[in-house]
Amino acid sequence: DFSDFEAFLEAVNDDRRFEQQIDDYLDVDAFLRALAMGFLIGNSDDYRFNYNNYYLYFDVYTQKVTYIPFDLDSSLGFGKHIDMSGNYGIDYGLLQYSEQAILVDKLLKIDRYKEIYLTYLKTFAETLFDETAFEAEYLQAKALYEPVLILDNHLGNQRFDLRNSITYIEDKKNFVLAQFSSN
């Protein structure tokens, strides 16, 4: 039964109904939070830029769609997909995305949703996007997984490495917060 999916697509594709009805079909708040964090981590291989690596989960209890991103390996300044800034996700506009990402395009053209997104972006940059906390989590993951990675020669990897993640987090956070202080 695809009726829920069809109703969602109809709401998305009908410009007259979109603003009034999208909240009936999509967990907009969760979507905007995911967009804000996706922007911070600089994932250039996501729905916003490359139209992939996400699921739409139809919750039978709420009757709403939840956006679930996955495959975040092109993040934190690393990955095979260079973003539109040419700088692996550091310095592109807070509202930059591909217009082919229809949900992003339609939502961010609505002032109230754009303001919610920008509020999440600023709040996450100030509170959650922290290089010290990230490094602590990284060291814990390294202790747990590096021996297995090396033993199994997983995908030919023999090292568990931060690469430029700490610098990326510092630079991205500074860039984002500078955009808010200049307004």
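Against which elements do the buried residues of H1 pack? The structure in which this may be followed is a predicted model, and its overall plan is best set out before the answer is given.

The chain contains eight helices and two strands. Along the sequence these elements follow the pattern α-α-α-α-β-β-α-α-α-α. The chain has 183 residues, and 38% of them count as buried. Its C-alpha atoms fill a box of roughly 55 × 45 × 30 Å, taken along the principal axes. Contacts between residues at least 6 apart in sequence can be sorted by their separation: 66% of them join residues at least 24 apart.

With this plan in view, the opening question can be taken up. In H1, the residues Phe-8, Ala-11 and Val-12 are buried. They lie on the same side of H1, because the arc they cover around the axis is only 100°. The buried residues of H1 pack against helix H2 (15–25), S1, strand S2 (65–69) and H5.

Helix H1 also takes part in the second largest pocket, to which it gives five residues, the largest share of the lining. Helix H1 (3–13), strand S1 (54–58) and helix H5 (102–108) each supply at least two residues of that lining. Among the lining residues are Phe-8 and Val-12, together with Phe-5, Leu-9 and Asn-13. Others in the lining include Phe-31, Tyr-47, Tyr-54, Leu-56, Tyr-67, Ile-102 and Leu-103. What is the make-up of this lining by class? Eleven of its residues are nonpolar and one is polar, while no charged residues occur in it. The space in the second largest pocket is about 180 Å³.

One residue of this lining, Phe-31, can serve as a reference point for a residue elsewhere in the sequence. Tyr-97 is separated from Phe-31 by 66 residues in sequence, and the two are 15 Å apart in space, C-alpha to C-alpha. Tyr-97 belongs to the loop between S2 and H5. Although it is found in a loop, Tyr-97 counts as buried, because its relative accessibility is 16% and the limit for a buried residue is under 20%.

Charged residues form another part of the picture. Side chains of opposite charge can pair when their charged atoms come close. How many salt bridges does a search of the whole structure find? The search finds nine. One of the pairs lies within a single helix: Asp-29 and Arg-33 are both in helix H3 (residues 28–41), four residues apart, which is about one turn of the helix. The closest N and O atoms of Asp-29 and Arg-33 are 3.0 Å apart, and the two form a salt bridge. Asp-29 is partly exposed, with a relative accessible area of 32%, and Arg-33 is likewise partly exposed, at 35%.

A further salt bridge joins Arg-16 and Asp-14, whose side chains meet at 3.5 Å, N to O. Here the partners differ in their surroundings: Arg-16 is exposed, with a relative accessible area of 71%, whereas Asp-14 is buried, at 17%. Lys-109 and Asp-105 also form a salt bridge, with their closest N and O atoms 3.3 Å apart. Lys-109 counts as exposed at 55% relative accessibility, while Asp-105 counts as buried at 10%. Elsewhere, Glu-19, Asp-23 and Arg-112 are joined into one network by salt bridges that share partners.

The backbone deserves a final look. Most residues other than glycine have a negative phi, and most peptide bonds are trans. Which values of phi stand apart from this pattern? Gln-63, a residue other than glycine, has a positive phi near 65°. Gln-63 lies in the loop between S1 and S2, and with a relative accessible area of 44% it is partly exposed. Asp-71 is not a glycine either, yet its phi is positive, at about 60°. Asp-71 is found in the loop between S2 and H5, and at 34% relative accessibility it counts as partly exposed.

Definitions and conventions:
Residues are numbered from 1 along each chain as its sequence is written. This is a predicted model: local features need pLDDT of at least 70, side-chain atom pairs count only at pLDDT 80 or more; totals for chains, interfaces and linings use all residues. Side-chain values use heavy atoms; hydrogens and water are left out. On a 1 Å grid over the protein atoms alone, a cavity is a set of points where a 1.4 Å probe fits but cannot get out, and a pocket is an open set with protein on both sides within 12 Å along at least five of seven lines; lining residues have an atom within 4 Å of a point. Grid points are joined across faces, edges and corners, and a volume is the space filled by probe spheres set on the points. Ala, Val, Leu, Ile, Met, Phe, Trp, Tyr, Cys and Pro count as nonpolar, Asp, Glu, Lys and Arg as charged, and the others, Gly among them, as polar. A salt bridge is a side-chain nitrogen of Lys or Arg within 4 Å of a carboxyl oxygen of Asp or Glu. Buried means under 20% relative accessible area, exposed over 50%, partly exposed in between (1.4 Å probe, protein chains only). The arc is that of the directions from the helix axis to the C-beta atoms. Contact means heavy atoms within 4.5 Å.
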